[in-house]
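Biologist: I've got a protein on my screen and I'm new to this. Could you help me read it?

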Amino acid sequence: MCAGVLDPDGRALGCERGHRFDLARQGYASLLAGKATAHRSDTAQMVAARARVFGAGLYDPIVTAVAQKVSSPRLPLTGDSPLIIDAGGGTGSYLSSALDRAPGATGVSIDLSKFCARAAARAHPRIVSVVADVWAGLPVCSGVADAVLSVFAPRNVADTARVLADGGRWVIVTPNPGHLAEVVGPLGMLRVGEGKQDRLSADLAAAFDVVSADRVTARRRLDTAQLADVAGMGPAGFHRSRSEIEADAGALARGGQVEVTLDVTVTLARRRSG
Ligand SMILES: C[S@@+](CC[C@H](N)C(=O)[O-])C[C@H]1O[C@@H](n2cnc3c(N)ncnc32)[C@H](O)[C@@H]1O
């Protein structure tokens, strides 16, 4: 990308140097250019599973905790029209909830998956949805963002620091080892390693001050289909078929429900000045 400012140009976005990115019928713009990225993005099946999980409210405690960190009466977003960016935004569920609490704000959902971009474009009238690779840089001007969300998603620390205004907030969700621990083994999901929070603190140290790091836990009773969705919407969805996951989920639930734990840390960091 040439980093020029993009303006609407008919059914496309264009910059002064003549680069154009068409707007898809489904309401998003793909800003991927040149060689295909080496990173994997969520598939249609993974995104459908994720949408069902959010639709059923299974992750509501985390969604609410994130929205409260973005904007709360104690720590409101300032300015007339704040900008909130969700990097690796998935279906746009977290960003939608944050926008509901910030009436004048605009949201930008960035995801490598066109299936996520479609879902995010539909999720809220104030979401601008783009397909882009966060490792290639966030497609946003420097110092303009009031908040960035990174929820179970890749974190480009240097570029997040670039796009945030001084004092801007970064809300990060990381899973703890106890997250979905009851089903990780039986459903062939990836284990969460110890020390994630320490690594996060080290990553943030150069440009951010950590304001708070709150553990959010909840218990949920999931049936076979919901177990398969929770497993299939994550990395297991890349290496296991839906029918494999469903067979294991069925064996676990035996026609009933299984109680699982949600266990994450929601970190709020502020961009230091300068
Ligand atoms: C585990 S999902 C989390 C999605 C969403 N934040 C949520 O929690 O529902 C990770 C997301 O990051 C996206 N992603 C992975 N690599 C990416 C990259 N390099 N650039 C942009 N998005 C990426 C995936 O497509 C996926 O939607």
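**Cysteines and the ligand**

Modeller: Sure! This is a predicted model, and the count of disulfides comes to 0.

Biologist: How do you decide that?

Modeller: You look for a pair of cysteine sulfur atoms within 2.5 Å. Here that rule gives 0 disulfides.

Biologist: Okay, then is C116 buried or exposed?

Modeller: For that you check relative accessible area, where under 20% counts as buried and over 50% as exposed. C116 is buried because its value is 0%. C141 has 42%, so C141 is called partly exposed.

Biologist: Now the ligand. Which residues come nearest to it?

Modeller: Of the 20 residues around the ligand, the nearest are R50, G88, D111, D133 and V151. Sorted by character, the shell has 10 nonpolar, 5 polar and 5 charged residues.

Biologist: And how do I read polar contacts?

Modeller: Look for pairs of N or O atoms within 3.5 Å. D111 puts a polar side-chain atom 2.6 Å from a ligand oxygen. With D133, a polar side-chain atom is 2.8 Å from a ligand nitrogen. G88 uses its backbone instead: a polar atom there lies 2.8 Å from a nitrogen of the ligand.

Biologist: How much of the ligand's accessible area does the protein cover?

Modeller: On its own the ligand has 590 Å² of accessible area, and the protein covers 92% of that.

Biologist: Which pocket does the ligand take up?

Modeller: The largest pocket: that's the space the ligand fills.

Technical notes: Residues numbered from 1 in each chain as written. Predicted model: local features only at pLDDT ≥ 70, side-chain atom pairs only at ≥ 80, totals over all residues. Heavy atoms only, no water. Near = heavy atom within 4 Å. Polar contact = N/O pair within 3.5 Å; in protein donor to acceptor, adjacent residues only side chain to side chain. Areas by Shrake-Rupley, 256 points an atom, 1.4 Å probe, with all protein chains shown as cover. 1 Å grid on protein atoms, 1.4 Å probe; cavity = no way out; pocket = protein on both sides within 12 Å on 5 of 7 lines; lining within 4 Å. Sits in = over half its atoms within 2 Å of the grid points. Nonpolar A, V, L, I, M, F, W, Y, C, P; charged D, E, K, R; others polar. Buried < 20%, exposed > 50% of the residue type's maximum accessible area, 1.4 Å probe, protein only.
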